[in-house]
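Reader: I am new to this structure and would be grateful for a close look at a single part of it. Please describe the enclosed space inside the protein and what surrounds it.

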Amino acid sequence: MKVKLSLITFFLLGASQFVMAQSRDSYNMWFQYLMSAKLTDKSTLTALSQYRSFDLAYDTRLFLVSAYVDYEVANEVRPAVGAMFLILDSYKSDNTKKERYEKRPFQQVSLGGNIGRTSISHRFRVEERFISNPDEFIVRLRYLISLRIPFNKTGEKERFYGILKNEIRMNASKEETFDSNRLTAGIGIKTGKNSAIEVAFINQLETGSTSNYAYIGYRNNFDWRKNKNK
């Protein structure tokens, strides 16, 4: 437990110094809570809330809530439908804030597998983005590859794991087809059988700009099945 607290403290202090020492739009904070709940043997509800800021916590960049339900149609093949609501805050050229709202239904398919003890997943998502101020409609395509790398030896209790992700996002309804590429690298720290704290560095490359985030997330897994398999 002392080791866990020391690691958490180290990453929190490092992230705060990292962000405070950098300029707006280049280095930001990203906080997230994610929960996943088994509804049946084949269906799962996933919900998350997310807050991003231009500074350590107070200068809001983005807030969102999202949820989706998936269903396993074959081994490690899970189509899903969901929706997201976002509040987007950005700075204009005169250094004042501009606020936009977005409603985003989406559809996705996730594929899972393993390379040795490392789990790997692929997610293909289509989003319909309805944005206000000014009104705008964008169809966006996303592909995410994720690796979860165990740090424990076979047979040992898992305490830490590695996180490596890359996602490319493309616009299907704009002249500029490239939207962004997001690279994530970090570690997960197990705080219980079904919970973990995750800390990571995120780099997001867009046309003409780059954003970097210090990420802190917390995740929970639940089992809400009425008749659980023993």
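**The largest cavity and its lining**

Author: The lining of the largest cavity comprises, by class, 4 nonpolar, 2 polar and 2 charged residues. The model examined here is a predicted one. It holds 1 cavity of 30 Å³ or more, and the volume of the largest cavity is about 40 Å³.

The residues that line the largest cavity are Gln32, Tyr33, Leu34, Glu198, Tyr215, Gly217, Tyr218 and Arg219. Two elements each give two or more residues to this lining, namely strand E1, which spans 27–38, and strand E11, which spans 209–223. Of the lining, the largest share comes from E11, with 4 residues.

Glu198 belongs to the lining of the largest cavity, and Glu198 also leads to a further residue, because isoleucine 163, which is buried with a relative accessible area of 11%, touches Glu198. Isoleucine 163 is part of strand E8, which covers residues 160–171. When residues up to four places away in sequence are not counted, the residues touched by isoleucine 163 are Leu147, Thr184, Ala185, Gly186, Ile187, Gly188 and Glu198. A separation of 5.1 Å lies between the C-alpha atoms of isoleucine 163 and arginine 148, although these two residues are 15 residues apart along the chain.

The value for isoleucine 163 also explains its label: at 11%, its relative accessible area is under 20%, so the residue counts as buried.

How values were computed. Residues numbered from 1 in each chain as written. Predicted model: local features only at pLDDT ≥ 70, side-chain atom pairs only at ≥ 80, totals over all residues. Heavy atoms only, no water. 1 Å grid on protein atoms, 1.4 Å probe; cavity = no way out; pocket = protein on both sides within 12 Å on 5 of 7 lines; lining within 4 Å. Points joined across faces, edges and corners; volume = space filled by probe spheres on them. Nonpolar A, V, L, I, M, F, W, Y, C, P; charged D, E, K, R; others polar. Buried < 20%, exposed > 50% of the residue type's maximum accessible area, 1.4 Å probe, protein only. Contact = heavy atoms within 4.5 Å.
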